[in-house]
Amino acid sequence: MGETRRRAFKMVIQITWQLLWLAGLVVGLSGMYLLLNYRHNGLFFAHTYIILPACLALASATLLLAAGGLGIWVSLRKSALLQGVFVYLLVMVFCLEATAAALAYVNAGKVDSELAPFSSVFQRYTGTSPDLDSDAVDATQKEVCGGGGSELI
């Protein structure tokens, strides 16, 4: 009976570490996407705390990959200490992911409120009008895209 349980536990651990590596890759790629997106659009945001969920996602991806590697080791060894560290890493990943999700939810409203003034400016943009809003849109296009104004729209 004990050997059957041990084999079942070993199989569950092996499946878990593979899923952890997959989840770590997905979370890491999404964190990198958010950071790259901020790098391209960071000029529109007044505060840099907007990138905190992306940084937490990258930290949790690192822990997920470490937990996956430890899962390989746990499945090969019969150590209660390694099993405890494995579970501890899983709890840490859960806490980081919950924090990142909460911050992303809270920051979604802040991002909308920071970008709200720009939506009316971009909606009124014609490309031919010499008003301040059109000049601001042209300057933004020149800085972000490297182009020269209304020919980009």
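Helices (H or I, at least four residues) and strands (E, at least two) are here DSSP runs, numbered from the N terminus. The model is predicted, so that local features need pLDDT of at least 70 and side-chain atom pairs count only at pLDDT 80 or more, while totals for chains, interfaces and linings use all residues. Residues are numbered from 1 along each chain as its sequence is written, and side-chain values use heavy atoms, with hydrogens and water left out.

**Exercise 1. Describe the secondary structure of the protein chain and state how confidence varies along it.**

Step 1. The protein chain has four helices and zero strands, and its elements, taken from the N terminus on, run α-α-α-α.

Step 2. Confidence is expressed as pLDDT, the predictor's own estimate for each residue, from 0 to 100. The protein chain averages a pLDDT of 77, and 84% of the residues score at least 70.

Step 3. Confidence is highest in helix 2, at a mean of 83, and lowest in helix 4 (residues 132–145), at a mean of 70. Where pLDDT is low, the predicted coordinates should not be read in detail.

**Exercise 2. Compare the "transmembrane region" feature in UniProt with the helix content of residues 48–73 and 85–106.**

Step 1. An unreviewed UniProt entry places this feature at residues 12–36, 48–73 and 85–106; the positions are given in the numbering used here, feature names are shortened, and annotations may be inferred rather than shown by experiment.

Step 2. In the model, residues 48–73 are 85% helix and 0% strand, with end C-alpha atoms 39 Å apart.

Step 3. Residues 85–106 are 100% helix and 0% strand, and their end C-alpha atoms lie 31 Å apart.

**Exercise 3. Identify the elements that build the largest nonpolar core, and place Phe86 within its contacts.**

Step 1. A nonpolar core is a set of buried Ala, Val, Leu, Ile, Met, Phe, Trp, Tyr and Cys residues joined through side-chain atoms within 4.5 Å. Buried means under 20% relative accessible area, exposed over 50%, and partly exposed in between, with a 1.4 Å probe and protein chains only.

Step 2. The largest such core has 13 residues, of which Leu20, Val27, Leu64, Leu70, Val74 and Phe86 touch the most other members. Two or more residues come from each of helix 1 (2–41), helix 2 (52–76) and helix 3 (80–123), and helix 2 gives the most, with six residues.

Step 3. Contact means heavy atoms within 4.5 Å. Leaving aside neighbours within four places in sequence, Phe86 is in contact with Ile13, Thr16, Leu20, Ala67, Leu70, Gly71 and Val74.

Step 4. For the protein chain as a whole, buried residues make up 27% of the 153 residues, and residues 24 or more positions apart account for 64% of the contacts with a separation of 6 or more.

**Exercise 4. Determine whether Ser60 is buried or exposed, and which residues it touches.**

Step 1. Ser60 has its place in helix 2, and Ser60 counts as buried because its relative accessible area is 0%.

Step 2. Not counting residues up to four places away in sequence, Ser60 touches Val27, Val93, Leu96 and Glu97.

Step 3. The side chains of Ser60 and Glu97 are joined by a polar contact of 2.3 Å. The term denotes a pair of N or O atoms within 3.5 Å; within protein, one must be able to donate a hydrogen and the other to accept it, and residues adjacent in sequence count only if both atoms are side-chain atoms.

Step 4. Met92, in helix 3, is 32 residues from Ser60 in sequence and 8.1 Å away in space, C-alpha to C-alpha. Met92 counts as partly exposed because its relative accessibility is 31%.

**Exercise 5. Classify the exposure of Met11 and Leu19, and give a C-alpha separation for each.**

Step 1. Met11 lies in helix 1 and is exposed, because its relative accessible area is 51%. Met11 and Ser75 are 64 residues apart in sequence and 7.9 Å apart in space, C-alpha to C-alpha.

Step 2. Leu19 is likewise placed in helix 1 and counts as exposed, because its relative accessibility is 53%. The C-alpha atoms of Leu19 and Gly68, 49 residues apart along the chain, are separated by 7.9 Å.
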